[in-house]
Amino acid sequence: MTVAPVFLLVEPSPILRSVLCRWLENVLTGPRLLIASNGAEALELATRRSPTHVLIELSLPDRAGIEILIQLRKALPASRIIATSWFEGDWLIDGVRSVGADGFVSKDKLNNELLVLWNIFKE
């Protein structure tokens, strides 16, 4: 029996959160979508609902996104976690991967990388 994917979107910007929610709802078939606007909400939803996939912004209003990413990886060892940020660079990509992210998508290139993100989520 295959378990339906549960996606956790962690995005503080209301506009980007709305756009990404619509994209996830349209592209993914039958996902359950959890939405958090900060780190505390993300951790609470993760421990309560055990998402299979996470897209997390690294600049969060209440705590450092990298700190939340580390805690999410500990709580969700089998989940796919993708970090995103307006910042970009090998140092950032290497850093998020070293603490447990499965990938990184730059928000500056998000419109070009949504297909890449979709392919990562499908795995």
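## Order of helices and strands

Along its sequence, the protein chain of this predicted model follows the pattern β-α-β-α-β-α-β-α-β-α, which amounts to five helices and five strands. Of the 123 residues in the protein chain, 46% are buried. Among the contacts with a separation of 6 or more, 58% are accounted for by residues 24 or more positions apart. The surface that the protein chain exposes comes to about 6500 Å², with carbon and sulfur atoms supplying 56% of it.

## The sheet

The five strands form an open sheet in the order β2-β1-β3-β4-β5, and their pairing is parallel. The edges are taken by β2 (residues 32-36) and β5 (residues 103-106), each of which pairs on one side only. From one strand to the next, the twist averages 20°. Strands of a sheet pair through backbone hydrogen bonds, and the pairing can be either parallel or antiparallel.

At the β2 edge, β1 and β2 run parallel and are joined by five bridges, and Leu8 has Leu34 in β2 as its bridge partner. At the β5 edge, four bridges join β4 to β5, which also run parallel, and here Thr84 stands opposite Val105 of β5.

## Helix α3 against the sheet

Helix α3 packs on the sheet, where it touches β1, β3 and β4, and its direction makes about 165° with that of β3. Within this helix, which spans residues 65-75, the buried residues are Gly65, Ile68, Leu69, Leu72 and Arg73. Seen down the axis of α3, these buried residues fall within an arc of 140°, so they line one face of the helix. An α-helix has 3.6 residues a turn, so residues three or four places apart point the same way.

The cover over the buried residues of α3 includes strands β1 (6-10), β3 (53-57) and β4 (80-85), together with helices α2 (39-49) and α4 (90-98).

## Helix α4 and strand β5

Helix α4 lies across β4 and β5, and runs at about 145° to β5. Taken together, β4, α4 and β5 make a right-handed β-α-β unit.

Although β5 is an edge strand that pairs on one side only, both of its faces are covered, with Gly103 and Val105 buried on one side and Phe104 and Ser106 buried on the other. In a regular strand the side chains alternate between the two faces of the sheet.

## Ser50 and Ala75

Ser50 lies in the loop between α2 and β3, and its phi is near 45°, a positive value in a residue other than glycine. Most residues other than glycine have a negative phi. Ser50 has a relative accessible area of 46%, and because buried means under 20% and exposed means over 50%, this residue counts as partly exposed.

Ala75 belongs to helix α3, and with a relative accessibility of 41% Ala75 is likewise classed as partly exposed. Ala75 and Ser50 are 25 residues apart in sequence, and the distance between them in space is 8.2 Å, C-alpha to C-alpha.

Terms used. Residues numbered from 1 in each chain as written. Predicted model: local features only at pLDDT ≥ 70, side-chain atom pairs only at ≥ 80, totals over all residues. Heavy atoms only, no water. Buried < 20%, exposed > 50% of the residue type's maximum accessible area, 1.4 Å probe, protein only. Helix = DSSP H or I, 4+ residues; strand = E, 2+ residues; numbered from the N terminus. Arc of directions from axis to C-beta. Contact = heavy atoms within 4.5 Å. Areas by Shrake-Rupley, 256 points an atom, 1.4 Å probe, with all protein chains shown as cover. Pairing = 2+ DSSP bridges. Axes fitted to C-alpha atoms, helices over the stretch in contact; angles between N-to-C directions. Right-handed = clockwise from strand over helix to strand, strands pointing away.
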